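Take a look at the sequence and the 3D structure below. Keep both in view as you read.

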Amino acid sequence: MSEKKFPEGFLWGAATASYQVEGGIENCDWAKAAREGRVPVCGRACEHYTRYEEDFDMAKNLGHNAHRFSVEWARIEPVEGQFDEGEIEHYRTVLKALQARGITPFVTLWHFTLPLWFSESGGFERKDSPEIFARYCAFVVSRLGDLCENFSTINEPSVYGSNGWLRGSWPPFKRFALTDLVAITNSGRSFEGKPTRGLSPLFLWRRVMKNLAKGHNRAYEEIKKVRPNTNINFVHHVIVFDANWNPFNKLAAWFANWNWTHVFMKRTKGHYDSIGLNYYFYTQFGDTRQWRKTDMDWNFAPEKIYDALMILKRYKKPIYISEAGLADAADSGRAEYITKQVDAAWRAIQAGVDIKAHIYWSLLDNYEWALGFEKRFGLVEVDYTTLERKPRPSAYVYKAICEANAIVE
Ligand code: BGC
């Protein structure tokens, strides 16, 4: 029997995001888009807003000692510049519930959904959006920072920008007309409504990406003024773009990695204490292999998280694997996927990458954005009629890893 041990103090857990699980959020851009029939209705989702204690009990029983969740901007700042202390109190109670179970929290300040007042006035296209975002972030950390050390400002800037302004599949549904020519892939299927098509989304996308980086940098500075000891990062979705032997493909892969991952890292240089890595996707230009697929139709390539970690190694910061997982309703490949992925993370540690945590996406089945509730990412299955929760068999395979702090073979 061989044992692949992880460093002492390594953190294991799962993640959720407010809009995808909480339920009852109506004053944000996604809820509005749903009312307009442009994306599926989220409604009560998993009612995690009221059932979080039960969910954290489950996480605890499944061996987790860390948990990542997001706070909902639309709840906390429902009107521009006006903060709701009642909602802050709610999230304080959530943090205390984690604390009581000995689970280390990771709070994401913004995970895709925007308050209506902000999205309707231009969102991240607005010139003053970096300041607006930084004010919100600093406020939240000033109120929650005594209960949590780890905060992520933005979840997946590259995904947000490309789905909103290049593919046009997410609010604000702007589609760059030439997007069809290149492979930008995240949410599985293109939105079937009518995005605004044209060339201008490309310029708006560039502006949004710059404002996101500025917003993060500003937020980092403002947060450090109020809570200097917090660990601040943003969560980066790293797609591994690879190439076969063909030099043109190699060039294409280099450019894709540069554009998707490195540009944002450069723009935020000096403004992060660590990096959050979300890994889902490996693609190779010129690939002729027939890949086994997940329910999202993504290549089943858990071991390639190693390449994603190597892509980030050069930034010489601690890395938290903040999301990694797959949609697998039958739960037929999840245990294998997790084990292979954790094994790859272990190999990356041996190769000198400073990894602090592995957080699976997701604790619960949830609202998978433009794809609604059909895709099942959860360690825990949710019956959407009764909202009953039931851990899947793979959750126990992950539990064994979490509790041993090792892969035992
Ligand atoms: C996002 C999650 C999403 C998951 C699966 C990530 O891009 O952060 O919100 O549910 O991927 O698609």
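The report covers three residues and then a pocket.

This is a predicted model, in which local features need pLDDT of at least 70, side-chain atom pairs count only at pLDDT 80 or more, and totals for chains, interfaces and linings use all residues. Residues are numbered from 1 along each chain as its sequence is written, and side-chain values use heavy atoms, with hydrogens and water left out.

**Three buried residues**

Helices (H or I, at least four residues) and strands (E, at least two) are DSSP runs, numbered from the N terminus. Buried means under 20% relative accessible area, exposed over 50%, and partly exposed in between, with a 1.4 Å probe and protein chains only.

| Residue | Place | Relative accessible area |
|---|---|---|
| Lysine 4 | strand E1 (residues 3-5) | 17% |
| Tyrosine 52 | helix H3 (residues 48-61) | 10% |
| Threonine 268 | loop between helix H10 (247-267) and strand E10 (275-279) | 0% |

Start with lysine 4. Which residues does lysine 4 contact, leaving aside neighbours within four places in sequence? They are Asp343, Trp346, Asn405, Ala406, Ile407 and Glu409. Contact means heavy atoms within 4.5 Å. With aspartate 343, the lysine 4 side chain makes a polar contact, side chain to side chain, at 2.6 Å. A polar contact is a pair of N or O atoms within 3.5 Å; within protein, one must be able to donate a hydrogen and the other to accept it, and residues adjacent in sequence count only if both atoms are side-chain atoms.

Next comes tyrosine 52. Beyond its neighbours within four places in sequence, it is in contact with His90, Thr93, Val94 and Ala97. Its C-alpha atom is separated by 20 Å from that of aspartate 146, 94 residues apart along the chain.

Now threonine 268. A polar atom of its side chain lies 2.8 Å from the backbone oxygen of phenylalanine 264. Not counting residues up to four places away in sequence, threonine 268 touches Ala213, His216, Asn217 and Phe234.

**The second largest pocket**

A pocket is an open set of points on a 1 Å grid over the protein atoms alone, with protein on both sides within 12 Å along at least five of seven lines; lining residues have an atom within 4 Å of a point. The second largest pocket has a volume of about 310 Å³. Its lining has 19 residues, and Asp29, Ser119, Glu120, Pro171 and Pro172 lie nearest its centre. Helix H2 (29-35), helix H6 (116-120) and helix H8 (157-166) each supply at least two lining residues.

Definitions and conventions. 1 Å grid on protein atoms, 1.4 Å probe; cavity = no way out; pocket = protein on both sides within 12 Å on 5 of 7 lines; lining within 4 Å. Points joined across faces, edges and corners; volume = space filled by probe spheres on them.
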